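Good morning, colleagues. Please bring the sequence and the model up on your screens, and I shall take you through a few points in turn.

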Amino acid sequence: MRVIRSSAVVVLLVFGLASVARSAEVNWQPADLQAAMARAGAEGKLIYIFVEGSNCPPCESFKLNHLHDPVFADFVNTLFVPIRCHEGNLDDRAFLESLRLVHAAVPRFYVLAPDARGISMAIGNVNAAPTGAVDALKMAVGKQLPVNQQAAQQLAMRIRNYAATQRAAGALYDDGSGRNAGISALEAWAWALGGNLDEAERAWGGEWSSRLNDQELRYMYVNFWAKWGRNAAGALQAAQDYRQSSPGDQAGDYLMGIALAANGRYEEAMRIGDSLMMANPDNTAIQREVESWRNRTGMSSGMMLNRR
């Protein structure tokens, strides 16, 4: 809920809303793969799939916090062809099965290329800030994606102007979500997908300074710095901080491997990678990441295990 300090603020906030979003609602499309692929290809967009289920509190939280949020709606409508599915709907279920996107957990979020090739996914809870709504983009960091870069950069400017209007208006949020910081993260994603990594890093910098102890942000920063080659030393430090704050968390090991590889320390990265693969034999994201390190070392998994 927004807490507004004066009636004058309302005018500023309404102006800011108009500048950020052409629609305050996500423009959900039918679960029609061929239509989604055709539109995504023609408009320079990705395909975003949200899967919900019955008796699912995290699904309800996502819908409450995001589906009527003008910043999130503008972000999704500009960059994606969005599709919303329900596990209990037979047609939706058949659609998901045709894409091999079947999983027991909900909510689920998928990002697909215009040719329906899987790019990234997220499963489970999403946080209340807008960054949580695009968790499915995490594994897309560092990739060149088929997005209309001009539209993405225009989106980034709309989000930046909206955030500036909010700050000037003194708007507050009482839900404890850190939503103002999350807006900077969405701006960073828009700049990155638009091909302007300098502006993306500037936006991430504002996010970082406001949430220094946020593990989710450390996760994103390691990926951003390492995979887009922006700050290998910073990525390593952020990965070390993550591990120190969450000892025993495999996500910290995964980030450390990414950061070590970014610093050219491939053998050390592979030792971590082999352990992660043995512990998570069905995790294709980890497998792809570790294979990318292995390709740079020229070593097989067995060779690395023998060197321990």
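**The disulfide and its surroundings**

The torsion about the S-S bond of Cys56 and Cys59 is about 75 degrees, so the disulfide is right-handed. Before going further, I should state that this is a predicted model. The sulfur atoms of Cys56 and Cys59 lie 2.2 Å apart, and the structure holds 1 disulfide in total. Are the two cysteines buried or exposed? Cys56 has a relative accessible area of 6%, which is under 20%, and therefore counts as buried. Cys59 is buried as well, at 0% relative accessibility. Another cysteine, Cys85, is likewise buried, with a relative accessible area of 0%.

Let me now turn to the chain as a whole. Its secondary structure comprises 15 helices and 6 strands. Of its 308 residues, 51% are buried. Where contacts link residues at least 6 apart in sequence, 67% of them join residues at least 24 apart. The chain exposes about 13800 Å², and carbon and sulfur atoms account for 51% of that area.

Next, the interior. In soluble globular proteins, nonpolar side chains tend to be buried together. In this model, the largest nonpolar core has 66 residues. Which residues have the most contacts inside this core? They are Tyr48, Phe75, Leu79, Phe80, Trp204, Val222 and Phe224. Helix H8, covering residues 179-193, gives the most to this core, contributing 9 residues. Apart from the largest core lies another, of 15 residues, which includes Phe95, Leu96, Leu101 and Leu112.

Leu96 brings me to Glu87, since Leu96 is one of the residues that Glu87 touches. Glu87 sits in the loop between strand S3 (80-86) and helix H5 (90-98). With a relative accessible area of 18%, under the 20% cut-off, Glu87 counts as buried. What does the side chain of Glu87 make a polar contact with? Its partner is the side chain of Arg108, at 2.7 Å. Leaving aside residues up to four places away in sequence, Glu87 also touches Val51, Glu52, Arg93, His103 and Val106, among others.

I close with a geometric check on helix H13, residues 266-279. At 1.5 Å a residue, its 14 residues should span 20 Å, and the end C-alpha atoms are indeed 20 Å apart, which agrees. Within H13, the buried residues are Ala269, Met270, Ile272, Gly273, Asp274 and Leu276.

Thank you for your attention.

Notes:
Residues numbered from 1 in each chain as written. Predicted model: local features only at pLDDT ≥ 70, side-chain atom pairs only at ≥ 80, totals over all residues. Heavy atoms only, no water. Core = buried A, V, L, I, M, F, W, Y, C linked by side-chain atoms within 4.5 Å. Buried < 20%, exposed > 50% of the residue type's maximum accessible area, 1.4 Å probe, protein only. Helix = DSSP H or I, 4+ residues; strand = E, 2+ residues; numbered from the N terminus. Expected span 1.5 Å × (residues − 1). Disulfide = S-S within 2.5 Å. Contact = heavy atoms within 4.5 Å. Areas by Shrake-Rupley, 256 points an atom, 1.4 Å probe, with all protein chains shown as cover. Polar contact = N/O pair within 3.5 Å; in protein donor to acceptor, adjacent residues only side chain to side chain.
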